[in-house]
Amino acid sequence: MHGSKVVVGVALAVAAGVLAGGVTAAARAEPVAVWGAAAGIVAPGSRAPAPIPVTPIPAVPIPAVPIPAIPAPVFPAPGGLGAPPAAAPAPAAPPLPPKPAAPAKPAGVPCAAAVRACIDLAHNKAWLLRGGVVEYGPVPITSGKPGYRTPVGTFRVLSKERLHLSRAFDNAPMPYSVFFIPGIAFHQGSLAVTSHGCIHLSKSAALRFFGALARGDVVQAVR
């Protein structure tokens, strides 16, 4: 019995060794076969594999593409073709309209045509004007006596009073007064005597001057 077991064990050991030896040899031979084939080395007793044909890839020529030259910019000569247009000259300023000519003085009137009332102290006359045209006159007047001379110049009507009483001269009546200087006015008064600076007019002339003149109207006195 014991002998049978020994025989069986030996057989198994032998078989195992054979198998182990075969596997080991095969494992050892495999890398040689594989790497040898790759390196062109053929193991003894084996056939060399057929070489793999290699087809060469023909070189494809790349055509050279010429790069065009960039021409240098050409600047036109001043005033030549392609030059920017010259700036248009500035339009001339329109001529100023002529100033309207001053209206001419009416014949025989020594004052400016634009005034509303004119007093000629040298010849004791007075007028009413409108737009340079005589509206009324000349009418006789008397003016300030020595020491109370009526001022010469251009003035404006300040106020009007139908019956003014002169407090400076004992409440002397001054009907239809038109003041153009403080204290001095056109008014109804004697044409036979001179005044203290006022312009004496007849009653009809005083009424006309009182009705025609308004505050702000221009009065000129000349000598």
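In this predicted model, the side chains of Arg130 and Glu135 meet in a salt bridge, with N and O 2.7 Å apart. Arg130 is exposed, at 51% relative accessible area. Glu135 counts as partly exposed, with 31% relative accessibility. A salt bridge also links Glu135 to Arg116. There the closest N and O atoms are 3.1 Å apart. Unlike the exposed Arg130, Arg116 is buried, and its relative accessible area is 9%. Salt bridges with shared partners thus join Arg116, Arg130 and Glu135 into one network. The count for the model comes to 2 salt bridges. Side chains of opposite charge can pair when their charged atoms come close.

The Arg116 pair also bears on the chain path. Arg116 sits in the loop between helix H1 (2-39) and strand E1, whereas Glu135 belongs to strand E3, so the pair ties together parts that are 19 residues apart in sequence.

The chain as a whole contains 2 helices and 9 strands. Along the sequence, these elements follow the pattern α-β-β-β-β-β-β-β-β-α-β. The chain has 223 residues, and 26% of them count as buried. Among contacts with a separation of 6 or more, 49% come from residues 24 or more positions apart. The exposed surface of the chain is about 16,000 Å². Carbon and sulfur atoms supply 68% of that surface.

Five strands build an open sheet in the order E3-E2-E1-E9-E4. Pairing in this sheet is mixed. E3 and strand E4 (153-156) stand at the edges. Each has a single partner strand, so one side of each is left without a neighbour in the sheet. Neighbouring strands are turned by 20° against each other on average, direction ignored. E2 and E3 pair in the antiparallel sense, over 5 bridges. Ala126 stands opposite Val139 of E3. Helix H2 packs on the sheet and touches E1, E2 and E3. The direction of H2 makes about 145° with that of E3.

The largest nonpolar core has 25 residues. Those with the most contacts inside this core are Ile119, Phe180, Phe186, Ile199, Leu201, Phe209 and Leu213. Several elements give two or more residues to the core. From the N-terminal part of this set come strand E1 (117-120), strand E2 (125-130) and strand E3 (133-140). Strand E6 (172-181), strand E7 (184-188) and strand E8 (199-201) also contribute. Helix H2 (203-212) and strand E9 (218-222) complete the list.

Phe186 illustrates the packing. Leaving aside residues up to four places away in sequence, Phe186 touches Ala117, Ile119, Tyr176, Ser177, Val178 and Phe180, among others. Further contacts of Phe186 include Ile199, Leu201, Phe209, Leu213 and Val219. A second, separate core has 8 residues. Cys111, Cys118, Leu129 and Val222 are among them.

Terms used
Residues are numbered from 1 along each chain as its sequence is written. This is a predicted model: local features need pLDDT of at least 70, side-chain atom pairs count only at pLDDT 80 or more; totals for chains, interfaces and linings use all residues. Side-chain values use heavy atoms; hydrogens and water are left out. A nonpolar core is a set of buried Ala, Val, Leu, Ile, Met, Phe, Trp, Tyr and Cys residues joined through side-chain atoms within 4.5 Å. Buried means under 20% relative accessible area, exposed over 50%, partly exposed in between (1.4 Å probe, protein chains only). Helices (H or I, at least four residues) and strands (E, at least two) are DSSP runs, numbered from the N terminus. Contact means heavy atoms within 4.5 Å. Two strands pair if DSSP finds at least two bridges between them. Axes are lines fitted to C-alpha atoms, for helices over the stretch in contact, and angles run from 0 to 180 degrees between N-to-C directions. A salt bridge is a side-chain nitrogen of Lys or Arg within 4 Å of a carboxyl oxygen of Asp or Glu. Accessible areas come from the Shrake-Rupley method with a 1.4 Å probe; for residues, only the protein chains shown count as cover.
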